[in-house]
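Work through the exercises below with the sequence and the model open. Try each task before reading its solution.

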Amino acid sequence: ASLRVDFNTATVAADGEIAYAPGDEALVGSEPSVRFAAEGVAGMTTVRLDTEPLAQFLTQRALEIEQARVEAMQAALLEKQRLRREARYYAALQSERQRLEEERLRAEEEARLRADEEARARAEAEAAAKAEEEARRKAVEEAPAGPAGEVRIEGAPPARGSATEERAAAALRQAEEERAKAAASAVPPDKFERAPLPADRGAVVPESRAGRSEPFTIENLLKSFAGN
């Protein structure tokens, strides 16, 4: 501050500045101060105050406070958005893990069911094969023996032998067919003419029978006995 006194005109003049210590809230280029000036005749001085630096400091400080509040709100909003994104990310990750786990369990269940089905089918096939083998064995044991010790099983396909055995069987069948044909074409026994029994030397043979021989029958035999 400065003080000036003019004794010729009996006037005084003074000016100065009142400043506040901002401490940690000090701002570069803005000082919280008030300028004053007093001038005039003693006892009738005029005082002027300049509060513009203080108003500028307070305005800038208010702007900084508002900016800090807005930044805090933005930071909180960004933090909320980040937390929401992380929540969605972890929720999607958990859903994906659950989906993969469900697919794995479903694949394991399908594989287990398929393995059980294959095992059941294999067991049924083995049981059917064993039952068929047992039935065939029982049929072989109970079936009567055919010619040459051959056992025929009803419903069972004939066993395949060698080429020699097949040719021998074919020759045997051909011989049996020829023998059957010969037996069918032979004359029955009752169609043969048999010679009469020799008569006694003293017996008289009728003229009607002397010239020809009658077939041998039961009736002729009885007649010959009656004639004797």
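A residue is called buried under 20% relative accessible area, exposed over 50%, and partly exposed in between (1.4 Å probe, protein chains only). The model is predicted: local features need pLDDT of at least 70, side-chain atom pairs count only at pLDDT 80 or more, and totals for chains, interfaces and linings use all residues. Residues are numbered from 1 along each chain as its sequence is written, and side-chain values use heavy atoms, with hydrogens and water left out.

**Exercise 1. Describe the secondary structure and the burial of the protein.**

Step 1. Helices (H or I, at least four residues) and strands (E, at least two) are DSSP runs, numbered from the N terminus. The protein has four helices and four strands.

Step 2. Along the sequence their order is β-β-β-β-α-α-α-α.

Step 3. Of the 228 residues, 7% count as buried.

**Exercise 2. Analyse three salt bridges and one network.**

Step 1. Side chains of opposite charge can pair when their charged atoms come close. The criterion for a salt bridge is a side-chain nitrogen of Lys or Arg within 4 Å of a carboxyl oxygen of Asp or Glu. The count comes to 14 salt bridges.

Step 2. Take E66 and R69, whose side chains form a salt bridge with an N to O distance of 2.3 Å. They are three residues apart in helix α1, so about one helical turn separates them. E66 is partly exposed because its relative accessible area is 35%; R69, at 44%, is also partly exposed.

Step 3. Next, R99 bridges to E103, with the closest N and O atoms 2.6 Å apart. Both residues belong to helix α1 and stand four residues apart, about one turn of the helix. R99 has 35% relative accessibility and so counts as partly exposed, and E103 is partly exposed at 32%.

Step 4. Then take R104 and E108, which meet in a salt bridge at 2.6 Å, N to O. Being four residues apart in helix α1, they are separated by about one helical turn. R104 counts as partly exposed because its relative accessibility is 37%; E108 is partly exposed with a relative accessible area of 42%.

Step 5. Finally, E79, R82 and E86 are joined into one network by salt bridges that share partners.

**Exercise 3. Which residues form the positive surface patch, and which make the nonpolar one?**

Step 1. Patch residues have over 30% relative accessible area and no salt bridge; like charges are joined within 9 Å, and nonpolar side chains (Val, Leu, Ile, Met, Phe, Trp, Tyr) within 5 Å. Lys and Arg count as positive and Asp and Glu as negative, while His and the chain ends are not counted. A charge is placed at NZ of Lys, CZ of Arg, CG of Asp or CD of Glu. Areas come from the Shrake-Rupley method with a 1.4 Å probe.

Step 2. K80, R84, R85 and R88 form the positive patch. R88 is found in helix α1 (residues 52–142) and counts as exposed because its relative accessibility is 54%.

Step 3. L3, V5 and F7 make a nonpolar patch of about 380 Å². V5 lies in strand β1 (residues 2–6) and is partly exposed, with a relative accessible area of 43%.

**Exercise 4. Classify the aromatic pair.**

Step 1. Rings of Phe, Tyr and Trp (its six-membered ring) pair if their centres lie within 6.5 Å; planes under 30 degrees apart count as stacked, over 60 as edge-to-face and the rest as tilted.

Step 2. A search of the whole structure finds one aromatic pair. The ring centres of Y89 and Y90 are 5.2 Å apart and their planes are at 65 degrees, so the pair is edge-to-face.

Step 3. Both Y89 and Y90 are exposed.
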